[in-house]
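The following exercises concern helix geometry and enclosed space in one protein chain. Each task is followed by a solution in steps.

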Amino acid sequence: MNYIIKNRMFFVIVVLGVLASCTKDMTKLNENPKVATTVQGEMLFSNAEKAFVDAMTTPNVNSGIFELITQYWAETTYPQESQYDLGNRNIPLNWWNTLYRDVIMDFDRSISLMREQASDPALLESDKIAYQNKIAIAKIFRAYAFSSVVNTFGDVPYTEALLGAENLTPVYDKQADVYNALLDTISTAIGEMDVSGESFGSADLVYGGDVSLWYKAANSILLKLAINIADVDQAKAKSLVEAAAKNVISGNEENATFAYTETPPNVNPIWTNLVQSGRNDFVIASTIIDTMLNHDDPRLPLYFTSVSNTYKGGTPGAGNSFSSFSHASAASLAPDFPAQVISYSEVALLLSEAAARNMNVGGTAEAWYDKGVTASIEQWGGSSADASDYLSDPANKFDEANWKKSIGVQAWIAYYTRGFDSWVAQRRLDYPQLEAPPSAISVYPVRYTYPATEPNLNKANYDAASSSIGGDEVGTKLFWDKF
């Protein structure tokens, strides 16, 4: 009997001991000791930087179909996106989510974290300056990304955006109000930068933390956004453009370039979608090839492959035979093909436009035009002699009487592989005069419609925004698109 009792007591003690040890360790079962529990603001900045460039670069038909809208490319088997079918793949929703969730949210969170990090009283003065520069650069990038949302949709959530579960039904702010707030943010952030200090170092995937180059890029971004409101607020555009023009990018060597790598996952999304996918979904559109042929453009072999010793484009909005038409060049299909955040060629063409609008930017419209065209040709591997010959052709000379056409067509050519930026410029300048193909299900789109989820999940605010902009249609012009 005593033996049985003793053994039972021993069993109870063992069980209690096991239960106690299980209770103690149970809370650690979901912890991974090899994974960091906190994140640095710099890491989120790097992630947002890449996410933004990927979004602007990808030709993925589920979100960014701007190469098709601007008729750089045409499709083969499935031409729905070239026909402006935005709903079949929930394109507006995917683009909206990518920019808000993957880009702007990470930039915003990186700023909050870096502010916390900068509050450490033990920081050296040089470290405080570095954080000041980091935060300023992140604010500029966040504003740049936000401008892409406005330039796509019009009225969008801004003051109540990024609150997550705190507010699942944010109001839509007036597009002009958001745009002006972004311009103010960038202007203020430029004033907060100290070019004598450090910043991100290798965590910055564009300039490696070079603040002097970021200062020029920031002014170039301000120039780019400010010129966009020239038709609705000439005075403010002029003031901002003239201030920014003194400190912009001044050569291709200063381009804000994102350097992709040769191996995944940090490869150019063009390669991912056109090469790695093993699909033959795209050919070059006749719209751009015919234009460049008419201009005897030296960038043709740099942009495209030839077919039977010539360049031949497919029909936008139609199903095209992949083997019958020109394709993207080998250079642009390389996994490490660099992406441009902002470049000297576009800056020079923006300054040409500013000069044509009687803004004082330190040069004539024609001189800046020539510099912009030359920079584009040289950026793609052409020579200065190629550029000189091109500009000596009467078909390519700057036409002061029709400067919007001259600049618009050359900006469109120079923006190849940068469909979104091209779409913005084309809507502002109205050149080239792109038309919807006969097979299109709508007019030429000058905006994306709001995500299809918004009328269900945020109906009151969606209805107000739709009414405010003049109707949730692809043909509804944004506030700055006056002509």
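For the classification of lining residues, Ala, Val, Leu, Ile, Met, Phe, Trp, Tyr, Cys and Pro count as nonpolar, Asp, Glu, Lys and Arg as charged, and the others, Gly among them, as polar. The model is predicted.

**Exercise 1.** Determine how the residues lining the second largest cavity divide into nonpolar, polar and charged.

*Solution.* Step 1: the lining consists of E346, L349, L350, E353, I407, A411, Y415, A425 and R428. Step 2: the elements giving two or more residues to this lining are α12 (344–356), α15 (403–414) and α16. Step 3: the greatest contribution is that of α12, with 4 residues. Step 4: by class, the lining holds 6 nonpolar, no polar and 3 charged residues. The cavity that they line has a volume of about 40 Å³.

**Exercise 2.** Establish how many cavities of 30 Å³ or more there are, and describe the lining of the largest cavity.

*Solution.* Step 1: the count is 3 cavities at the cut-off of 30 Å³ or more. Step 2: the volume of the largest cavity is about 50 Å³. Step 3: its lining is formed by A55, M56, T57, T58, P59, G64, F66, E67, G419 and F420. Step 4: two or more of the lining residues come from each of α2 (41–57), α3 (66–69) and α16 (419–429). Step 5: α2 gives the most, with 3 residues. Step 6: the classes are 5 nonpolar, 4 polar and 1 charged.

**Exercise 3.** Compare the end-to-end reach of helix α4 with the span expected at 1.5 Å a residue, and locate its kink.

*Solution.* Step 1: helix α4 covers residues 91–118, a run of 28 residues. Step 2: its first and last C-alpha atoms are 39 Å apart, close to the expected 40 Å. Step 3: α4 nevertheless contains a kink of about 35°, centred on I104.

**Exercise 4.** Explain why helix α5 is described as largely enclosed by the rest of the structure, and state what backbone feature follows just after α5.

*Solution.* Step 1: helix α5 comprises 29 residues, 125–153. Step 2: at 1.5 Å a residue this helix should span 42 Å, and its end C-alpha atoms are 42 Å apart, in agreement. Step 3: a residue is buried when its relative accessible area is under 20%. Step 4: because 23 of the 29 residues of α5 are buried, the helix is largely enclosed by the rest of the structure. Step 5: just after α5, G154 adopts a positive phi of about 105°.

How values were computed. Residues are numbered from 1 along each chain as its sequence is written. This is a predicted model: local features need pLDDT of at least 70, side-chain atom pairs count only at pLDDT 80 or more; totals for chains, interfaces and linings use all residues. Side-chain values use heavy atoms; hydrogens and water are left out. The expected span of a helix is 1.5 Å times one less than its number of residues. The bend at a residue is the angle between axes fitted to the seven residues ending there and the seven starting there. Buried means under 20% relative accessible area, exposed over 50%, partly exposed in between (1.4 Å probe, protein chains only). On a 1 Å grid over the protein atoms alone, a cavity is a set of points where a 1.4 Å probe fits but cannot get out, and a pocket is an open set with protein on both sides within 12 Å along at least five of seven lines; lining residues have an atom within 4 Å of a point. Grid points are joined across faces, edges and corners, and a volume is the space filled by probe spheres set on the points.
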